[in-house]
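Me: I want to go through this model and ask what backs each label. Keep the replies brisk.

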Amino acid sequence: MANGGRRVKRNIALIPAAGVGERFGAGKPKQYVEIHGKTVLQHTLDIFAAHPQITLAAVVLAPDDHTFQSAETAGFQTAPAKTVLLHCGGASRAETVRNGVNTLLERGLAAPGDNILVHDAARCCLPQAALSRLIDQAGSHPNGGILAVPVADTLKRSGSDGLIETTVPRSGLWQAQTPQLFPAALLQRALAAPDLGAVTDEASAVEMLGVRPLLVQGDSRNLKLTLPQDEYIVRLLLAEK
Ligand code: CTP
Ligand code: MG
C-alpha cells in the first residue's frame, strides 16, 4: 500500500501470554481462565480483532503451550487472518516481548516503521475508545506512547519499620497501563539491552535510550487480572460489554 510514495504505517498488536499466573493462582495460566464462556485471552484478542485500525494481532505463547491450536479457537472466527500465534515466550515479560518483536520483524510480519502495540493478555477489559485514543495520539509520534492514568490516591512511602515515612506528592504521577505503542525499530533497539531485569514495561526500556514516550489518557476499567480478587470486577466489566 502506498501513501504519497511511502508505505502506510500498520498497527500490529503484540500480546505477551507466556506467563504462569502465579499470583492469580488458578492452577493454570490466568489467560486460560474462562469468564462468561470465553477465556481471558479470547476476550483480549476480540478487542483487537474488532478494531478497524489493527491489522494483525500476534500472541506470544510459551514454546510448549499448545492450548490454542489454531486461529479458529482463538475467537477470531470472523477475522482469522488477523491473528498469528508465536511460540517464543521467554523467562520474563520483557524477554517474551523481545522475542516476539524480533520474530515479527524476521518473518516480515512487521516492517521497521510499523507500530507495535504491546498489550498484556491479562488486560481483557480494554475499552475500544482507549485503544483508539492511543493510536490517534501516539500512532504518528516518533517516540511512541502509552496508556496511563493519573494517580488518584494519596501516596505514602513506608519506612523499614512499617510506619509512614513521608507523603509523596502525586502531582505528575501516572500509573502505566497497556497497550504501549512504539515504532517496531525503536522497540527492537530498546529491548536489545543486555540486562532487561529492570524493565517492567516497554516504555521503561525506551526511556533507557533517552527517548521520552507520550502519555495518553487510559481508562480505570483497563485493569489487569493479577490477584484472585480482581476476577470479580473483571467479570462485571466483561458482562457489561
Ligand atoms: N508474561 C509473558 N511472559 C512471561 C511473564 C509474563 O508473556 N515470562 C505476560 C503474562 O502472560 C501477562 C503479562 O505478561 O499477560 C503481564 O504479566 P503478569 O500480570 O505478571 O502475568 P504473569 O507473569 O502470568 O503472573 P504472575 O507474575 O503472577 O506469575
Ligand atoms: Mg509476572
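Me: How much surface does the chain expose, and what makes up that figure?
Reply: The chain exposes about 11,900 Å², and carbon and sulfur atoms supply 52% of it. Accessible areas come from the Shrake-Rupley method with a 1.4 Å probe; for residues, only the protein chains shown count as cover. This is a predicted model: local features need pLDDT of at least 70, side-chain atom pairs count only at pLDDT 80 or more, and totals for chains, interfaces and linings use all residues. Residues are numbered from 1 along each chain as its sequence is written, chains are lettered from A and ligands numbered from 1 in the order written, and side-chain values use heavy atoms, with hydrogens and water left out.

Me: What makes the chain as compact as a globular protein of its length?
Reply: First, the inventory: the chain has 6 helices and 13 strands. Helices (H or I, at least four residues) and strands (E, at least two) are DSSP runs, numbered from the N terminus. The radius of gyration is 18 Å, close to the 18 Å that the globule rule gives for 241 residues, so the chain is as compact as a globular protein of that length. The radius is taken over C-alpha atoms, and the rule is 2.2 Å times the number of residues to the power 0.38. Those C-alpha atoms fill a box of roughly 60 × 40 × 35 Å along the principal axes.

Me: Why is C124 called buried?
Reply: Buried means under 20% relative accessible area, exposed over 50%, partly exposed in between (1.4 Å probe, protein chains only). C124 has 0% relative accessibility, so C124 is buried. C125, at 4%, counts as buried too. Buried residues make up 50% of the 241 residues in the chain.

Me: Why is there no bond between the sulfurs of C124 and C125?
Reply: A disulfide is a pair of cysteine sulfur atoms within 2.5 Å. The sulfur of C124 is 4.2 Å from that of C125, its closest cysteine sulfur, so the pair is too far apart for a bond. C125 is in no disulfide. A search of the whole structure finds 0 disulfides.

Me: Why is D120 called buried, and what does D120 touch?
Reply: D120 has a relative accessible area of 9%, so D120 is buried. D120 lies in the loop between β8 and α3. Leaving aside neighbours within four places in sequence, D120 is in contact (heavy atoms within 4.5 Å) with I15, P16, T44, R93, T178 and K224. T44 is itself one of the buried residues of α1. The C-alpha atoms of D120 and L14 are separated by 8.6 Å, although the two are 106 residues apart along the chain.

Me: How do you know that helix α1 is mostly covered?
Reply: In α1 (residues 40-49), 10 of its 10 residues are buried. Among them are V40, H43, D46 and F48.

Me: What makes β7 and β13 edge strands?
Reply: 7 strands form an open sheet in the order β7-β6-β3-β8-β12-β9-β13, with mixed pairing. β7 (83-86) and β13 (214-217) each pair on one side only. Two strands pair if DSSP finds at least two bridges between them.

Me: How do you know that β3 and β6 pair?
Reply: β3 (residues 11-16) and β6 (residues 54-60) share 6 bridges, in the parallel sense. One bridge joins I12 to L56 in β6.
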